[in-house]
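Here is my note on the model, written as numbered points so that each can be checked against the structure as you read.

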Amino acid sequence: MSKKSALITGITGQDGAYLSKLLLEKGYDVHGILARRSTDTLWRLRELGIETQVKLIDGDISDLSSLIRAMQVSRAEEVYNLGAQSFVGSSWQQPILTAQVDGVGVLNILEAVRITNPQARFYQASTSEMFGLIQAEKQDERTPFYPRSPYGVAKLMGHWATVNYRESHAMHASSGILFNHESPLRGIEFVTRKVTDAVARIKLGMQSELRLGNIDAKRDWGFAGDYVEAMWLMLQQDRADDYVIATGITTTVREMCEIAFAHVGMDYRDHVVIDEKFMRPAEVDVLLGNPAKAQQKLGWQPKTSLQELITMMVEADLRRLKA
């Protein structure tokens with residue numbers, strides 16, 4: 001029996017690496033689109049020990065021709081679009097790039113799938129940032145969207161494009177509206193990893209303070225390793241649909257700092273400094289997901305608590321810095 005083939009855009013990112021590992025464990029042939037960058041982008045695949053097991057194809061989601069070629073080479077039956085300009089803060093400085101990658105880029109990959117193999121199943125990485133200025137205390141699949149950043153706006157285009165291709169071309173195209181999900185593989189520009197890296201550095205005497213913006217912002221944080229399983233489950237369903245993936249628990253940045261510093265026996269109040277420079281032009285104050293539909297229809301549950309997640313991240317950063 002031939003192996004199932006999957007194609008992942010954004011394979012070198014946090015989610016791409018964890019999803020690759022999951023699919024390899026399930027016996028898939030895993031292909032990934034590798035956008036050429038001047039920095040080393042393969043470190044996450046290396047850290048999970050799978051760098052040599054995935055097949056990398058040169059391409060970029062802003063280039064339709066390379067996506068068509070990647071579809072032909074991979075013969076993918078499942079396509080996971082995780083490629084994005086995924087840092088919200090940068091989207092105010094680079095709004096047009098963000099729109100091209102996170103909005104038009106989704107159209108490019110949908111078109112590549114439609115042209116080469118419309119039977120392939122497609123997953124779009126949507127985001128809780130689309131809810132922005134929240135219209136309901138707990139956000140689910142029926143909550144109206146109100147994005148508060150160029151990132152949220154661009155992602156909303158990608159989300160609706162996915163719905164449109166599902167309805168217009170009868171494609172098996174699903175969106176996962178993922179709430180914040182973190183891991184030791186998170187980029188240093190994201191607040192959780194910025195905190196855990198700083199905690200490790202302060203513990204080792206390499207720095208003394210951590211500068212942050214709005215530490216009273218509330219987020220629903222889960223573990224990326226748990227969330228990629230939900231992506232896979234969506235593409236195993238008979239019918240494509242959209243699902244909120246979240247823990248259903250909201251925590252402030254302040255409380256997250258408290259957990260991280262306490263793990264190494266320190267008090268966050270001695271080290272955290274509020275810096276106006278890190279305040280956003282428009283803040284999303286609270287995000288809290290309702291994952292009931294995913295639990296009921298996909299049988300998906302988050303397995304990792306925030307305490308376990310932050311501890312895992314602090315330990316990984318301590319290990320890296322000591323090395």
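1. A good place to begin is Asp197, a residue of helix α6, in what is a predicted model. Asp197 counts as buried because its relative accessible area is 11%, which falls under the 20% cut-off. Leaving aside neighbours within four places in sequence, the residues in contact with Asp197 are Ile188, Asp317 and Leu321.

2. The helix that holds Asp197 covers residues 191-203, so α6 has 13 residues, and from its first C-alpha to its last it reaches 18 Å, close to the 18 Å expected at 1.5 Å a residue. Asp197 has company in being buried, for the buried residues of α6 also include Thr192, Arg193, Val195, Ala198 and Ile202. Among the elements that cover these buried residues are α2 (43-47), β8 (210-212), α8 (253-263) and α10. Just after α6 comes Gly205, which takes a positive phi of about 75°.

3. One of those covering elements, α10, deserves a point of its own, with Leu306 as the example, since this residue lies in helix α10, which is made up of residues 306-322. Is Leu306 buried or exposed? With a relative accessible area of 15%, Leu306 is buried. Not counting residues up to four places away in sequence, Leu306 touches Trp221, Thr251 and Ile259. Of these, Trp221 is 85 residues from Leu306 in sequence, yet the two C-alpha atoms are 6.7 Å apart in space.

4. That pair can be set beside a figure for the whole protein: of the contacts with a separation of 6 or more, 79% are between residues 24 or more positions apart.

5. Helix α5 can be read in the way α6 was. It runs over residues 150-169, has 20 residues and reaches 28 Å from its first C-alpha to its last, close to the 28 Å expected at 1.5 Å a residue. The buried residues of α5 include Tyr151, Ala154, Leu156, His159, Val163 and Arg166. What do the buried residues of α5 pack against? They pack against α4 (95-116), β5 (121-127), β6 (173-178) and β11 (242-245).

6. Two residues other than glycine should be looked at for their backbone angles. Ala170, which follows α5, has a positive phi near 55° and sits in the loop between α5 and β6; with a relative accessible area of 69%, Ala170 is exposed. Arg75 has a positive phi near 50° and is found in the loop between α3 (64-74) and β4 (78-81), and Arg75 counts as exposed at 68% relative accessibility.

7. It remains to place these details in the whole. The protein has 10 helices and 13 strands, and along its principal axes the C-alpha trace spans about 55 × 45 × 40 Å. Because a compact globule of 323 residues would have a radius of gyration near 20 Å, the 19 Å of this protein agrees with that expectation. Of the 323 residues, 55% count as buried.

8. Finally, the surface and the charges. The protein exposes about 14200 Å², of which carbon and sulfur atoms supply 49%. There are 37 positive and 40 negative side chains, and the centres of the two sets lie 3 Å apart.

Terms used: Residues are numbered from 1 along each chain as its sequence is written. This is a predicted model: local features need pLDDT of at least 70, side-chain atom pairs count only at pLDDT 80 or more; totals for chains, interfaces and linings use all residues. Side-chain values use heavy atoms; hydrogens and water are left out. Helices (H or I, at least four residues) and strands (E, at least two) are DSSP runs, numbered from the N terminus. The radius of gyration is taken over C-alpha atoms; the globule rule is 2.2 Å times the number of residues to the power 0.38. Buried means under 20% relative accessible area, exposed over 50%, partly exposed in between (1.4 Å probe, protein chains only). Contact means heavy atoms within 4.5 Å. Accessible areas come from the Shrake-Rupley method with a 1.4 Å probe; for residues, only the protein chains shown count as cover. Lys and Arg count as positive and Asp and Glu as negative; His and the chain ends are not counted. The place of a charge is taken as NZ of Lys, CZ of Arg, CG of Asp or CD of Glu.
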